[in-house]
Amino acid sequence: MRITRRAVLSGIASGAGAALVGAAAGGRTVRAAAESRATAGGGAGWTSIVVGAGAFGAWTAWNLLRKGERVLLLDAWGPAHARASSGGESRVTRSAYGADEVYTRMAWDSLTEWRWLSERSGLPIFQQTGVLFFFPRVEPYVTQSIEVHRRLKLPTEQLPRAEMAKRWPQINWDGIEVGLYEPQFGALMARRAVLTLVAEFVKAGGEYRLAAVAPIEAAATSADSSRASSPAGAASTGADSSPRAPLDGIRTLQGDTFRADKYVFACGPWLPKVFPTLLGDRIFPTRQEVFFFAPEAGDTRFQPNRLPTWADFNHGDIFYGMPDLESRGFKIAHDKHGAPMDPDKGDRQFSPAALADVREFLKMRFPALAARPLVESRVCQYENSSNGDLLIDRHPTQTNVWLVGAGSGHGFKHAPAVGRYAADLATGALKAIEPRFSVASKATVQQRLVH
Ligand SMILES: Cc1cc2nc3c(=O)[nH]c(=O)nc-3n(C[C@H](O)[C@H](O)[C@H](O)COP(=O)(O)OP(=O)(O)OC[C@H]3O[C@@H](n4cnc5c(N)ncnc54)[C@H](O)[C@@H]3O)c2cc1C
């Protein structure tokens, strides 16, 4: 049976979903609902608690539930809220990753679940606009992406400039020689995706509550930092001398204690605040600004059926964007890491310098949009690891704690695969561990390698 988004949302307004609706209305409703369930016996006996209902936490909770776990999902402000990294309007999904085969695989592995989720929702979550990356010349990223796709027997297309100029004349192709085109990929409606998935999770028997979990570690001291770091800046956590023991419950800032057999922390840019000693200097939240511009009235050239999701590799100084999805404006962002950003305190107003920067780029590459009105902007944060690799690993000393995060500006598309991997890891079902996702591989000096 096909369930519409309206049915999902009205479904969670009653019965098992009351907690989610309460989350939107305010914490008191949620607690009242939760307490009444707890006294009725419904809240006891969780086997897994997932902290953080962004893309990574929601897909992890969903996968744990599907494995037969009794799962409680907590979030301090609500699924894909305004400051969460998953709280934006849209995210790119693509499979070109240069030589980084692991991410090509994960993007493809996730596509089926995104399509499934899109089917469950009354409005699309996956928008198959196609994705076009273009480059000043054939560089290693292009040849390596093609080689990885060939090896994995996955489709991708290399396009010469003349072909791109014929198909997309609304782009100025000066200085561009080659493109990589992925017609199977496109854009994900991010906030809608997370809300829909949490609604599905609740409908399937998972429990969601609004609650802020207190930090698991006390704030780091300089002694802690030096103990946790090797001279080279790589984590020495595998050899940490702290005693290994399971975590016996989590406390919320509201004064509740929740217990389960295992705990997954998918706290996005807040992970360094929850684990300041371990992750305080290994995850780097940075300020990122995104802009949306209105095309001319009646101009169809920037509609999703006329323009793919795109990125200009621009000699390594990447700009990317999307067509005018759902008439919210043509999206553009500069993929350069911004200043360090505290997700709680960071100012969310765009800077005139960043607006001028994208207008300058538009003038050069999308001239028809250069003087068009700005209709929306967002300031969000990437939660970067040192090199852009994800973090999905067991805590080095707390034996029943798993850490999931470091989406590093490219994680959203992978969230279904991340959730599956994390659930397999936490339940002991994982056959092969990916060393690039380990805590031990996370350095304390930023050097971005994954694009
Ligand atoms: C501007 C921008 C553009 C991006 N573009 C792309 C893109 O095009 N393609 C792509 O694939 N990826 C992209 N990304 C990256 C992607 O969006 C993120 O990697 C992904 O959303 C991270 O999800 P998350 O679940 O780890 O974190 P979040 O979405 O931040 O979720 C973490 C959750 O944990 C909760 N939490 C934190 N601490 C606590 C606590 N103590 N108690 C309870 N709850 C807590 C928070 O409230 C939050 O809801 C982009 C990111 C940004 C910011």
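This is a short talk on the sheets of one predicted model and the helices that lie across them.

Two notes on conventions before I start. Residues are numbered from 1 along each chain as its sequence is written. Since the model is predicted, local features need pLDDT of at least 70 and side-chain atom pairs count only at pLDDT 80 or more, while totals for chains, interfaces and linings use all residues.

The chain has 13 helices and 19 strands. Helices here are DSSP runs of H or I with at least four residues, strands are runs of E with at least two, and both are numbered from the N terminus. Of the 451 residues, 49% count as buried. Buried means that 20 or more other C-beta atoms lie within 10 Å of the residue's own; exposed means 12 or fewer, partly exposed is in between, and C-beta atoms are placed from the backbone. On contacts: among those between residues at least 6 apart in sequence, 77% join residues at least 24 apart. A contact is two residues whose C-beta atoms, placed from the backbone, lie within 7 Å.

Now the eight-stranded sheet. It is open, with mixed pairing, and its order is β6-β7-β5-β14-β15-β16-β13-β17. Two strands pair if DSSP finds at least two bridges between them. The edges are β6, residues 157–160, and β17, residues 374–384; each has a single partner strand, so one side of each is left without a neighbour in the sheet. On average, neighbouring strands of this sheet are turned by 20 degrees against each other, direction ignored. For angles in general, axes are lines fitted to C-alpha atoms, for helices over the stretch in contact, and values run from 0 to 180 degrees between N-to-C directions.

Let me go through some of the pairs. Strand β5, residues 131–135, runs parallel to β14, residues 309–312, and four bridges join them. Leu132 is opposite Trp310 in β14. On to β14 and β15, which are antiparallel over three bridges, with Ala311 opposite Tyr320 in β15. The hairpin of these two strands has six residues between them, and Asn314 there takes a positive phi near 45 degrees. β15 then pairs with β16, antiparallel over four bridges, and Gly321 faces Ile332 in β16.

How are the faces of β15 covered? Phe319 and Gly321 on one side are buried, as are Tyr320 and Met322 on the other.

β13 repeats that pattern over ten residues. Ten of the ten are buried, so β13 is largely enclosed by the rest of the structure. One side carries Phe284, Thr286, Gln288, Val290 and Phe292, the other Pro285, Arg287, Glu289, Phe291 and Phe293. The general point is that side chains in a regular strand alternate between the two faces of the sheet. β13 is antiparallel to β17 over ten bridges, where Phe284 has Asn384 as its bridge partner. With β16, β13 is antiparallel over four bridges, and Phe293 stands opposite Phe330.

Next, the helix on this sheet. α12, residues 352–365, lies across β13, β14, β15, β16 and β17, at about 115 degrees to β16. At 1.5 Å a residue, its 14 residues should span 20 Å, and the end C-alpha atoms are indeed 20 Å apart. The expected span is 1.5 Å times one less than the number of residues. Which residues of α12 are buried? They are Ala354, Val358, Leu362 and Arg365. Seen down the axis of α12, these fall within an arc of 80 degrees, so they line one face of the helix; the arc is that of the directions from the helix axis to the C-beta atoms. An α-helix has 3.6 residues a turn, so residues three or four places apart point the same way. What covers the buried residues includes β13, β14 and β16. On the other side of α12, Pro352, Ala353, Ala356 and Glu360 are exposed.

Finally, there is an open sheet of six strands, β9-β2-β1-β12-β19-β18, also mixed. β9, residues 207–210, and β18, residues 391–394, are its edges; with a single partner strand each, one side of each is left without a neighbour. Here the average turn between neighbouring strands is 15 degrees, direction ignored. β18 pairs with β19, residues 401–405, in the antiparallel sense over four bridges, and Ile392 is opposite Val404.

Two helices lie across this sheet. α4, residues 55–66, crosses β1, β2, β12 and β19, at about 165 degrees to β1. α13, residues 415–426, lies across β1, β12, β18 and β19, at about 170 degrees to β19.
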